[in-house]
Amino acid sequence: MNALKKMPLMEVCNWLMRMAYINILWMVFTLLGVVFAGFSPATAAAFSVCRRWIRSDEEFPVFRVFWQEYKQNFAGSQAYGWISIVLMGVLYLDFLYFTSKSSILFFVLSVIAIVLSIMLAMAVVYIFPVYTHYRLNFLQYWKYALSIAMVHPLQTIFTVVGVITIGAVLIKLPSLLPFFGVSAMTVWLTWRTQKIVIKIDEIKEAVS
């Protein structure tokens, strides 16, 4: 992440303003899609903008890029956002149901539900960064996101710890939510994922 290597005061302020701006755009465009339909494309657009910030120091029209990405990903991103939420909800309900029973069968099923939940959570961490970086089909996005998580477990753990830390700070300081609630997570996940996918791309180029 070139912009965060030196971390002078002006650069920190610049990133804080960027994150606040992208967070406001995310909220506006989520509401523009009446929340349910706007959540996923707004999230994909936020990741796309953050990816451009992280990969290049060149200035670009943020609003225009956000709007273009929002329109372009309006239909395609819906599946990744809402399927993730639905699957996590189903697995959670299954876990609650299985653990309420005392038989060996339900114990095994509850363990399976936990394992599947962990695997899904690992894939969800990378799904939007992968979605904005590559052009794949539906199943390939999930496969690639899960592969990154499984091949780089330590980096994934560090990434998840960062997400939990950011979440804890935002819960402790809810006044920050309108400005950094989504953008802080987006910048963190994009930065972490870009470090991995750049290495993967370099390996692919070297092999080819």
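Is valine 108 buried, exposed or partly exposed? Valine 108 is partly exposed, with a relative accessible area of 41%. I will come back to that residue once the overall picture is in place. Please keep in mind that this is a predicted model.

Start with the chain as a whole. The secondary structure comes to nine helices and zero strands, so that, read along the sequence, the pattern is α-α-α-α-α-α-α-α-α. The radius of gyration is 18 Å, close to the 17 Å that the globule rule gives for 208 residues, so the chain is as compact as a globular protein of that length. Along the principal axes, the C-alpha atoms fill a box of roughly 60 × 45 × 35 Å.

Some totals next. Of the 208 residues, 42% count as buried. The accessible surface comes to about 11,900 Å², and 74% of it belongs to carbon and sulfur atoms. As for contacts between residues at least 6 apart in sequence, 71% of them join residues at least 24 apart.

Now the interior. The largest nonpolar core has 51 residues, and the members that touch the most other members are Ile22, Val49, Trp53, Phe66, Tyr126, Val130 and Ile148. At least two residues of this core come from each of helix 1 (9-32), helix 2 (39-55), helix 3 (62-72), helix 4, helix 5, helix 6 (138-151), helix 7 (153-172) and helix 9 (183-207).

Take Tyr126 from that list. Which residues does tyrosine 126 contact, leaving aside its neighbours within four places in sequence? They are Ala145, Ile148, Ala149, Gln155, Thr156, Thr159, Thr193 and Ile196. One of these, Ile148, is also among the core residues that touch the most other members.

Threonine 190 sits in helix 9. Its relative accessible area is 3%, so threonine 190 is buried. Beyond residues up to four places away in sequence, threonine 190 touches Phe47, Cys50, Arg51 and Ile54.

Glutamine 78 is another buried polar residue to look at, with a relative accessible area of 18%. The cut-off for buried is under 20%, so glutamine 78 falls on the buried side with its 18%. Glutamine 78 is found in helix 4, which covers residues 78-99. Its contacts, not counting residues up to four places away in sequence, are Phe36, Ala37, Ser40, Pro41 and Ile83. On a C-alpha to C-alpha basis, glutamine 78 is 8.2 Å from phenylalanine 39, while the two are 39 residues apart in sequence.

Threonine 99 is also in helix 4. Threonine 99 is partly exposed at 41% relative accessible area. Its C-alpha atom is separated by 6.1 Å from that of serine 110, which is 11 residues away along the chain.

On to charges. How many salt bridges does the structure hold? There is one salt bridge. It is made by the side chains of arginine 18 and glutamate 59, at 3.7 Å from N to O. Arginine 18 lies in helix 1 and glutamate 59 in the loop between helix 2 and helix 3, so the pair ties together parts that are 41 residues apart in sequence. The two partners differ in accessibility: arginine 18 counts as buried at 11%, whereas glutamate 59 is exposed at 65%.

A word on backbone geometry, in the loop between helix 1 and helix 2. Valine 34 lies in this loop, and valine 35 is found there too. Valine 34 has a positive phi of about 55° although it is not a glycine. For valine 35, phi is near 65°, again a positive value in a residue other than glycine. Valine 34 counts as exposed at 66% relative accessibility, and valine 35 is partly exposed at 43%.

That brings me back to valine 108. Its place is in helix 5, residues 104-133. Which residues make the nonpolar surface patch of about 700 Å²? They are Ile104, Phe107, Val108, Val111, Ile112, Val115, Leu116 and Met119. A patch residue needs over 30% relative accessible area, and valine 108 meets this with its 41%. Helix 5 also supplies at least two residues of the largest nonpolar core, and Tyr126 and Val130 are among the core members with the most contacts to other members.

Technical notes:
Residues are numbered from 1 along each chain as its sequence is written. This is a predicted model: local features need pLDDT of at least 70, side-chain atom pairs count only at pLDDT 80 or more; totals for chains, interfaces and linings use all residues. Side-chain values use heavy atoms; hydrogens and water are left out. Helices (H or I, at least four residues) and strands (E, at least two) are DSSP runs, numbered from the N terminus. Buried means under 20% relative accessible area, exposed over 50%, partly exposed in between (1.4 Å probe, protein chains only). Contact means heavy atoms within 4.5 Å. Patches are made of residues with over 30% relative accessible area and no salt bridge: like charges are joined within 9 Å, nonpolar side chains (Val, Leu, Ile, Met, Phe, Trp, Tyr) within 5 Å. Accessible areas come from the Shrake-Rupley method with a 1.4 Å probe; for residues, only the protein chains shown count as cover. A salt bridge is a side-chain nitrogen of Lys or Arg within 4 Å of a carboxyl oxygen of Asp or Glu. A nonpolar core is a set of buried Ala, Val, Leu, Ile, Met, Phe, Trp, Tyr and Cys residues joined through side-chain atoms within 4.5 Å. The radius of gyration is taken over C-alpha atoms; the globule rule is 2.2 Å times the number of residues to the power 0.38.
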